[in-house]
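Visitor: Could you take me through one part of this model up close? I'd like to hear about the packing in the interior, and then whatever stands out in the loops around it.

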Amino acid sequence: IYSLNQELDLTCANTLTFSDNAMIGDIEPPYAINFMNAITQTTNFRSGWNWWSSYVDLADINGLAMLEEGLGEAGVQIKSQSKFVINYGTTWLGGLNAINNEQTLKVQVNAPITVDLTSKPVSPADYPLTLNAGWNWIGYPCTNSLSVANAFSNYAPVSGDQVKTQAAYAIYRAGVGWIGGLRTLNPGDGLFFYSTNGGTLVFPEGTRGTDLAENTTTDDNHWVPDMSAYPSNMTVTAVVELEDVELQSERYELAAFANGEVRGSARLMYVEPMDRYMAFLTVTGDEAANLTFGLYDTETGAECLESDDLLVFTADAMVGELESPMVVSFRGTTGLNDLERSLQVYPNPVKRGERAILTLPVDAKAQVEVVNALGVVIETSRATSVQAPASPGVYTLRITVDGKGTISRKLVVR
């Protein structure tokens, strides 16, 4: 603005290609140059399924066409709550004709890809969300992060309501608030909201307070599932018993498996209103599958896969409540604990090429994996000794004893 000596940070919607002697526009009509207050939403889609929503105006740019174009050959499928389109290489076909800022989409890609969408930022006040009783695929039309409590401050949740992303969730209890591994909503999040009574939700503007917190994820866990491998998930609110005693420590990690594949993992966390240590386990999947449970002790490195409890994966199921969580019981770990205390590796340090002996019981059957510093298994054997690698360094021995569990030991090679 010349009169104010002010430069505006605007985006020009026009593009021109130079052509010698060309004359663009006339007295009537002149060529219109359009500037807009625009932002770019950059999304790094992971290979597999991604729960996604947009905080730029999708209607202003024909969002579906732009998303399809951005995904290109990596795009496989785009699903809303009721419709979908599939990429057939040269065209997308299906019943989904448009997308909007009120909805969450499940986007499937066959390779990681980054997509930029540039348009006007949206205001959440312009996008009131109608919640029906049951599950709702709702967008998060906000350019800022909000704590879960503040995000739903304009809504009156009731006990039993639940909000989840692809990796974490929180459940509401009257008089207490939102509890779980999901603490903060972030721009671009795809949200599922389970409403008991239904109603209208309007996300507030701006970041309120300083109560933003990291969501509880699987980044530092012993078992890390691929949350993008499947389109759906279920939530399990649980407590854990070890030899009939309820665990009271955040040192333990609970995981769910289907046919040996980890589908979800969560550390126990202290829930003050319940005065209990609980696991808020998000389990990914698609079709029905039998789930088993595993327990990991982060202090000792001991694993236990001998849970008495089974579960069947059901998309969007909610298992357990704050007042009546699922009880996952583990048994037969005493032998593993005794073995963990007695197991030694000698000599340690060991010279390159020499064998290190494991003090396993005579009748023990064990698989020993040698893992390098990059986490790569470089040797696997079923023996009570292991040959030291040819390169010096610090390695991890992952020792799985049949019928008991897995123990980890460090091996120093000189």
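Guide: Here is a walk through the main nonpolar core, followed by a few loops. Keep in mind that this is a predicted model.

A little context before we zoom in. The protein has 3 helices and 36 strands, and its C-alpha atoms fill a box of roughly 95 × 60 × 45 Å along the principal axes. Of its 414 residues, 47% count as buried. Take the contacts between residues at least 6 apart in sequence: 69% of them join residues at least 24 apart. As for the outside, the accessible surface comes to about 20700 Å², with 48% of that belonging to carbon and sulfur atoms. Charge is worth a glance too: there are 25 positive and 48 negative side chains, and the centres of the two sets lie 12 Å apart.

Now to the core itself. In soluble globular proteins, nonpolar side chains tend to be buried together. The largest nonpolar core here holds 28 residues, and the members that touch the most others are Met234, Val236, Leu254, Phe293 and Phe330. Which strands each supply at least two residues of this core? They are S19 (232-242), S21 (252-258), S24 (276-285), S25 (290-297) and S29 (326-330). S19 gives the most, with 5 residues. A separate core of 21 residues lies apart from this one, and its members include Leu146, Tyr155, Tyr172 and Phe193.

Let's stay with Met234 for a moment. Leaving out residues up to four places away in sequence, Met234 touches Leu281, Thr282, Val283 and Leu291, and also Leu311, Val312, Phe313, Thr314, Asp316, Ala317 and Val319.

One name on that list, Asp316, deserves its own look. Asp316 sits in the loop between strand S27 (311-312) and strand S28 (318-319). Its phi is positive, about 65 degrees, although Asp316 is not a glycine. Is Asp316 buried, exposed or partly exposed? With a relative accessible area of 21%, Asp316 is partly exposed, because the cut-off for buried is under 20%.

There's another residue of this kind elsewhere in the chain. Asn62 also isn't a glycine, yet has a positive phi of about 55 degrees. Asn62 is placed in the loop between strand S4 (48-52) and helix H1 (63-71). At 47% relative accessibility, Asn62 counts as partly exposed.

Back to S21, one of the strands supplying the largest core, and the loop leading into it. Ser249 lies in the loop between strand S20 (245-246) and S21. Setting aside neighbours within four places in sequence, Ser249 is in contact with Leu268 and Tyr277. Ser249 and Leu268 are 19 residues apart in sequence, and their C-alpha atoms are 6.9 Å apart. There's a polar detail here as well: a polar atom of the Ser249 side chain lies 3.1 Å from the backbone nitrogen of Arg251.

Last stop: the loop between strand S30 (345-346) and strand S31 (355-358), where Pro347 is found. The peptide bond joining Tyr346 and Pro347 is cis, with omega about -10 degrees. Pro349 is found in the loop between S30 and S31 too, and the bond from Asn348 to Pro349 is again cis, with omega near 15 degrees.

Key
Residues are numbered from 1 along each chain as its sequence is written. This is a predicted model: local features need pLDDT of at least 70, side-chain atom pairs count only at pLDDT 80 or more; totals for chains, interfaces and linings use all residues. Side-chain values use heavy atoms; hydrogens and water are left out. Helices (H or I, at least four residues) and strands (E, at least two) are DSSP runs, numbered from the N terminus. Buried means under 20% relative accessible area, exposed over 50%, partly exposed in between (1.4 Å probe, protein chains only). Contact means heavy atoms within 4.5 Å. Accessible areas come from the Shrake-Rupley method with a 1.4 Å probe; for residues, only the protein chains shown count as cover. Lys and Arg count as positive and Asp and Glu as negative; His and the chain ends are not counted. The place of a charge is taken as NZ of Lys, CZ of Arg, CG of Asp or CD of Glu. A nonpolar core is a set of buried Ala, Val, Leu, Ile, Met, Phe, Trp, Tyr and Cys residues joined through side-chain atoms within 4.5 Å. A polar contact is a pair of N or O atoms within 3.5 Å; within protein, one must be able to donate a hydrogen and the other to accept it, and residues adjacent in sequence count only if both atoms are side-chain atoms.
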